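Trainee: Could you take me through the aromatic ring pairs here, one step at a time? I would like to see how each pair is described and where its partners sit.

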Amino acid sequence: MKEPLIFCSYQAKEIFMKLGLIGTGIIGEAFIRGLLTKGTFEGDVFVSTRSESRSTRLAKDFNQVSVFEQNQDIVNQSEIVILAVLPEQVEDVIRGLTFRADQILLSIVSSITLKSLADWAHPCEKIFRGIPLPPIEKGIGPFPICPPAPELESLLSKVGTVVSLENEDQFLSVAVGSAMMAMFYEVVATTASYMEETGLPATSAAQYASSMMHALADSTLDADPAELQSLSETCLTPGGLNEQVLFGLRKSGWYDSLRGEMDGIKNRLSKY
Ligand SMILES: NC(=O)c1ccc[n+]([C@@H]2O[C@H](COP(=O)([O-])OP(=O)(O)OC[C@H]3O[C@@H](n4cnc5c(N)ncnc54)[C@H](OP(=O)(O)O)[C@@H]3O)[C@@H](O)[C@H]2O)c1
């Protein structure tokens, strides 16, 4: 294990950083894989033995990864502790641990507030919340962080687009947006399965649907906020096929339902 050297920038220091992960689940594993394969992270990574197949796989695939039985050993060894357990597990897990004031705690748990984290992880002072998504494993996608974290920016920008959030109201808005993931996949899957049911081989249908959605999503990246709002209209041929689907879905109330679901997520998360 390498000893940390003293550098004048966070960017240089991170090469020797020691990073601990408590909660080696779906998103925890994706995060670590992204950092180590796409993020060129060269420091040490300590993961908990829980979800043993994942932790064993990580240690087998990357010699920087060590597996620990005790969460306290992970905390003791780490400069940055990433918390990725389920919301209902957070309080028990953190309260059972002793943090240092100089550590960074990055919680990627969807619903636990900075105040609760600060109470439970005292005396740790540098506490942040983030929302990575599974494509972090490929080094892409947004990485919202609250409050803004200059000390993490260089590290996180290697595995995604860092979106700095000033307060937890902004974080809440982003958390609602993050709940659109499964809905998006369902739209891609419905498009592919319809094409398959109506005659296209399954492989071609999947290729077409995923490649089309990828291209469309990519084309939104350069759009400014106003342009984004009008993209659905500007791509329409009057009386054309896309117009029929868009207007039909609007008439059926599909987009209103989507907004209603977003309200539901916001209300649910506001209770925390
Ligand atoms: N999945 C996503 O796309 C996503 C995206 C952003 C944020 N999140 C957030 O990330 C968190 C984890 O989600 P997930 O989907 O990755 O769930 P998950 O796969 O169930 O992961 C939870 C992990 O926590 C471990 N764990 C539970 N208690 C523990 C303890 N006392 N000590 C150490 N590890 C413990 C579990 O181990 P065992 O399997 O051994 O119980 C499991 O590996 C959630 O809070 C979620 O809100 C998820």
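**Aromatic pairs in the chain**

Mentor: Happy to! Let's begin with a single residue: F31 has a relative accessible area of 0%, so this phenylalanine is buried. Please keep in mind that we are looking at a predicted model.

Four aromatic pairs are counted in this model. One of them joins F31 to F143, with ring centres 5.5 Å apart and planes at 55 degrees; since stacked needs under 30 degrees and edge-to-face over 60, the pair is tilted. F31 belongs to helix α2 (residues 26-38) and F143 to strand β7 (residues 142-146), so the contact ties together parts that are 112 residues apart in sequence. F143 is also buried, because its relative accessibility is 1% and the cut-off for buried is under 20%.

Now for another pair, F46 with F68. Here the ring centres lie 5.4 Å apart and the planes meet at 90 degrees, so this pair is edge-to-face. It too links distant parts of the chain: F46 sits in strand β2 (residues 44-48) and F68 in strand β3 (residues 65-68), 22 residues apart. F46 counts as buried, at 0% relative accessibility. For F68 the relative accessible area is 17%, and F68 is therefore buried as well, given that the limit is under 20%.

To put the two side by side, F31 and F143 form a tilted pair, while F46 and F68 form an edge-to-face pair.

Notes:
Residues numbered from 1 in each chain as written. Predicted model: local features only at pLDDT ≥ 70, side-chain atom pairs only at ≥ 80, totals over all residues. Heavy atoms only, no water. Phe/Tyr/Trp six-rings, centres within 6.5 Å; stacked < 30°, edge-to-face > 60°. Helix = DSSP H or I, 4+ residues; strand = E, 2+ residues; numbered from the N terminus. Buried < 20%, exposed > 50% of the residue type's maximum accessible area, 1.4 Å probe, protein only.
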